[in-house]
Amino acid sequence: MENNRYYKLSEIKARHFWERGKFCRIPEKEISKIFYEIVVKSDELSVFIKNNLNDDFPKDISEPILQNIMKKKHKS
């Protein structure tokens with residue numbers, strides 16, 4: 001299972017969380033809880049990120065990431 005594969009943010013799927021969690025021997029109930037919290041708290045996460053990024057952090061990097069977080073939430 002171990003590989004050094006990198007995914008584009010837009011390509012990350014729920015199964016990647018499950019696969020990595022199982023690889024790390026995290027109980028399925030805990031994986032489910034973590035995944036649920038990510039989805040439910042994505043609005044809070046976006047606000048937190050926006051409020052804590054340095055003013056000089058490039059918007060061409062931060063905005064696509066934040067937009068993708070919200071897009072993923074609405075697909076869940």
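## Salt bridges

A search of the whole structure, which is a predicted model, finds 2 salt bridges. One of them joins the side chains of Glu19 and Arg15, with a nitrogen-to-oxygen distance of 3.3 Å. Both of these residues belong to helix α1, which covers residues 14-23, and they stand 4 residues apart, about one turn of the helix. Glu19 counts as partly exposed because its relative accessibility is 32%, and Arg15 is likewise assigned to the partly exposed class because its value is 48%.

The other pairing is between Glu28 and Lys22, whose closest N and O atoms are 3.8 Å apart. Lys22 has a relative accessibility of 48%, and therefore counts as partly exposed. Lys22 and Glu28 also appear among the residues through which helices α1 and α2 meet, Lys22 on the α1 side and Glu28 on the α2 side.

## Overall architecture

The secondary structure of the protein chain amounts to 4 helices and 0 strands, so that, read from the N terminus, the order of elements is α-α-α-α. Of the 76 residues in the protein chain, 12% are buried. The accessible surface of the protein chain is about 6,500 Å², and carbon and sulfur atoms account for 56% of that area.

Contacts within the protein chain can also be sorted by how far apart the partners lie in sequence. Among the contacts with a separation of 6 or more, 42% are between residues that are 24 or more positions apart.

## Helices α1 and α2

The axes of α1 and α2 come within 10 Å of each other and cross at roughly 140°, and the crossing of this pair is right-handed. On the α1 side the residues that meet the partner helix are Ala14, Phe17, Trp18, Gly21 and Lys22, while on the α2 side they are Glu28, Ile31, Ser32, Phe35 and Ile38.

Arg25 is placed in the loop between α1 and α2. The phi angle of Arg25 is near 60°, which is a positive value in a residue other than glycine. With a relative accessibility of 78%, Arg25 lies over the 50% cut-off and therefore counts as exposed.

## A nonpolar surface patch

Phe17, Ile26, Ile34 and Ile38 together make a nonpolar surface patch of about 290 Å². Two of its members, Phe17 and Ile38, are also named among the residues through which α1 and α2 meet. Another member, Ile34, is found in helix α2, which covers residues 28-40. Ile34 is partly exposed, because its relative accessible area is 38%.

## Ser46 and its partners

Ser46 lies in helix α3, which spans residues 42-52. Is Ser46 buried or exposed? Its relative accessibility is 7%, which is under the 20% cut-off, and so Ser46 counts as buried. When residues up to four places away in sequence are not counted, Ser46 touches Leu66, Ile69 and Met70.

Met70, one of these partners, lies in helix α4, made of residues 59-75. At 21% relative accessibility, Met70 counts as partly exposed, because buried residues must fall under 20%. Once its neighbours within four places in sequence are left aside, Met70 is in contact with Ser42, Asp43 and Ser46. How far apart are Met70 and Ser46 in sequence and in space? The two residues are separated by 24 residues in sequence and by 8.0 Å in space, taken from C-alpha to C-alpha. The contact between them therefore brings together a residue of helix α3 and a residue of helix α4, with Ser46 counting as buried and Met70 as partly exposed.

Conventions. Residues are numbered from 1 along each chain as its sequence is written. This is a predicted model: local features need pLDDT of at least 70, side-chain atom pairs count only at pLDDT 80 or more; totals for chains, interfaces and linings use all residues. Side-chain values use heavy atoms; hydrogens and water are left out. Buried means under 20% relative accessible area, exposed over 50%, partly exposed in between (1.4 Å probe, protein chains only). Contact means heavy atoms within 4.5 Å. Patches are made of residues with over 30% relative accessible area and no salt bridge: like charges are joined within 9 Å, nonpolar side chains (Val, Leu, Ile, Met, Phe, Trp, Tyr) within 5 Å. Accessible areas come from the Shrake-Rupley method with a 1.4 Å probe; for residues, only the protein chains shown count as cover. A salt bridge is a side-chain nitrogen of Lys or Arg within 4 Å of a carboxyl oxygen of Asp or Glu. Axes are lines fitted to C-alpha atoms, for helices over the stretch in contact, and angles run from 0 to 180 degrees between N-to-C directions. A crossing is left-handed if the near helix is turned anticlockwise from the far one by less than a right angle, and right-handed if clockwise.
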